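Visitor: I should like to learn how to read this model, feature by feature. Where should one begin?

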Amino acid sequence: MLRLEPMSRPEFQASVERAIPRHAGDSARRGRWTEAAALEASQREFAELLPQGFDTPAFHFCTVVNDADGAGVGETWYRVQEKGGKLHFWVDWIWIDPPFRRRGYASEVLLLLAGRAASLGADRIGLSVADDNASAKALYAKLGFKPWSAQLMKELPPVAASSTRANPKPK
Ligand SMILES: CC(C)(COP(=O)(O)OP(=O)(O)OC[C@H]1O[C@@H](n2cnc3c(N)ncnc32)[C@H](O)[C@@H]1OP(=O)(O)O)[C@@H](O)C(=O)NCCC(=O)NCCS
């Protein structure tokens with residue numbers, strides 16, 4: 001059995017400090033940012049997401065704890081917001097520490113979150129996932145999450161610098 005324990009301020013800080021370089025690395029690997037600019041872009045994106053850090057309204061930051069021995073096995077961030085007459089429950093992040101994966105822990109966390117969402121009055125629970133994250137996609141599909149909107153991307157062939165608008169050819 002698992003439980004979700006609210007993070008302390010230092011635990012949250014440590015969680016963000018892990019998240020920023022991880023997100024930078026993932027985004028550079030996916031070609032979204034250059035390696036050189038990724039860390040700064042990630043720092044900026046987290047500052048936009050969490051303008052008041054730990055105190056950002058609507059956000060909840062939890063450690064996933066194994067009830068049997070009290071050990072932390074992962075973490076999750078979620079937010080709860082009223083909009084359009086509905087309560088929106090959004091999972092921003094779920095992470096299970098590598099030694100504890102494939103034991104059903106993420107599934108249990110998502111069921112706990114779904115229960116929390118339902119008890120608050122939400123009629124659905126949402127999250128986003130990168131298309132190349134096969135393990136997370138398999139997890140969500142198994143739990144009944146269905147695609148609801150998609151961001152599409154097409155990679156473009158490189159263009160010689162001299163033919164771009166930013167570098168017009170001198171006449
Ligand atoms: C994705 C993640 C949260 C899954 O955690 P987990 O505790 O191992 O997941 P579960 O044990 O509950 O897995 C449930 C099901 O999900 C699927 N699944 C999970 N990991 C998988 C993997 N590596 N490959 C294929 N399917 C996988 C399987 O269907 C699995 O059921 P099964 O073990 O009976 O086959 C974990 O791998 C993780 O923390 N990854 C890094 C962070 C991340 O990507 N988070 C999601 C961001 S959107």
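Guide: One begins with the vocabulary: helices (H or I, at least four residues) and strands (E, at least two) are DSSP runs, numbered from the N terminus. The model before us is predicted. Read along the sequence, its pattern is β-α-α-β-β-β-α-β-α.

Visitor: How many helices and strands does the protein contain?

Guide: The protein has four helices and five strands. Its C-alpha atoms fill a box of roughly 75 × 35 × 35 Å along the principal axes.

Visitor: How should I read the sheet, and in what order do its strands lie?

Guide: In general, the strands of a sheet pair through backbone hydrogen bonds, in either a parallel or an antiparallel sense. Here five strands form an open sheet, ordered β1-β2-β3-β4-β5, with mixed pairing. β1 (2-6) and β5 (125-127) stand at the edges, each with a single partner strand, so one side of each has no neighbour in the sheet. On average, neighbouring strands of this sheet are turned by 35° against each other, direction ignored.

Visitor: Which sense does the pairing of β1 and β2 take, and over how many bridges?

Guide: β1 and β2 pair in the antiparallel sense over five bridges. To fix the register, note that L4 stands opposite V64 in β2. V64 also has a bridge partner in β3, namely G74.

Visitor: How many bridges join β2 to β3?

Guide: Seven bridges join β2 to β3, and the two strands run antiparallel. One pair to locate is V65, which stands opposite G72 in β3. The hairpin of β2 and β3 has five residues between the strands, and G70 there takes a positive phi near 75°.

Visitor: What should I look for in the hairpin of β3 and β4?

Guide: Look at the turn: two residues lie between β3 and β4, and G84 in the turn has a positive phi of about 60°. Ten bridges join these two strands, which run antiparallel. Within this ladder, the bridge partner of E75 is W95 in β4.

Visitor: How do β4 and β5 run, parallel or antiparallel?

Guide: β4 and β5 run parallel and are joined by three bridges. W90 stands opposite G126 in β5.

Visitor: Which helix lies across these strands?

Guide: The helix is α3, which lies across β1, β2 (59-66), β3 (72-83), β4 and β5. With respect to β4, α3 runs at about 165°.

Visitor: How does one read the packing of two helices, and at what angle do α1 and α2 cross?

Guide: One reads the approach of the axes, the angle between them and the hand of the crossing. The axes of α1 (residues 9-29) and α2 (residues 35-49) come within 8 Å and cross at roughly 135°. Angles over 145 degrees count as roughly antiparallel and those from 65 to 115 as roughly perpendicular; α1 and α2 are therefore oblique to each other. The crossing of α1 past α2 is right-handed.

Visitor: Which residues make the contact?

Guide: From α1 the contact draws on V16, A19, I20, P21, H23, A24, S27 and A28. From α2 it draws on E35, A38, L39, A41, S42, Q43 and F46. By class, the residues of the contact of α1 with α2 comprise ten nonpolar, four polar and one charged.

Visitor: Finally, how should the surroundings of the ligand be read, and which residues come nearest?

Guide: One asks which residues form the shell, which elements supply them and what their classes are. There are 17 residues around the ligand, of which R101, A106, S107, S135 and L139 come nearest. At least two residues of the shell come from each of β4 (86-96), α3 (105-120) and α4 (134-142). The largest share, five residues, is supplied by α4. By class, the shell divides into nine nonpolar, four polar and four charged residues.

Definitions and conventions: Residues are numbered from 1 along each chain as its sequence is written. This is a predicted model: local features need pLDDT of at least 70, side-chain atom pairs count only at pLDDT 80 or more; totals for chains, interfaces and linings use all residues. A residue is near a molecule or strand if its C-beta atom, placed from the backbone, lies within 6 Å of it. Ala, Val, Leu, Ile, Met, Phe, Trp, Tyr, Cys and Pro count as nonpolar, Asp, Glu, Lys and Arg as charged, and the others, Gly among them, as polar. Axes are lines fitted to C-alpha atoms, for helices over the stretch in contact, and angles run from 0 to 180 degrees between N-to-C directions. Angles under 35 degrees count as roughly parallel, over 145 as roughly antiparallel, 65 to 115 as roughly perpendicular and the rest as oblique. A crossing is left-handed if the near helix is turned anticlockwise from the far one by less than a right angle, and right-handed if clockwise. Two residues are in contact if their C-beta atoms, placed from the backbone, lie within 7 Å. Two strands pair if DSSP finds at least two bridges between them.
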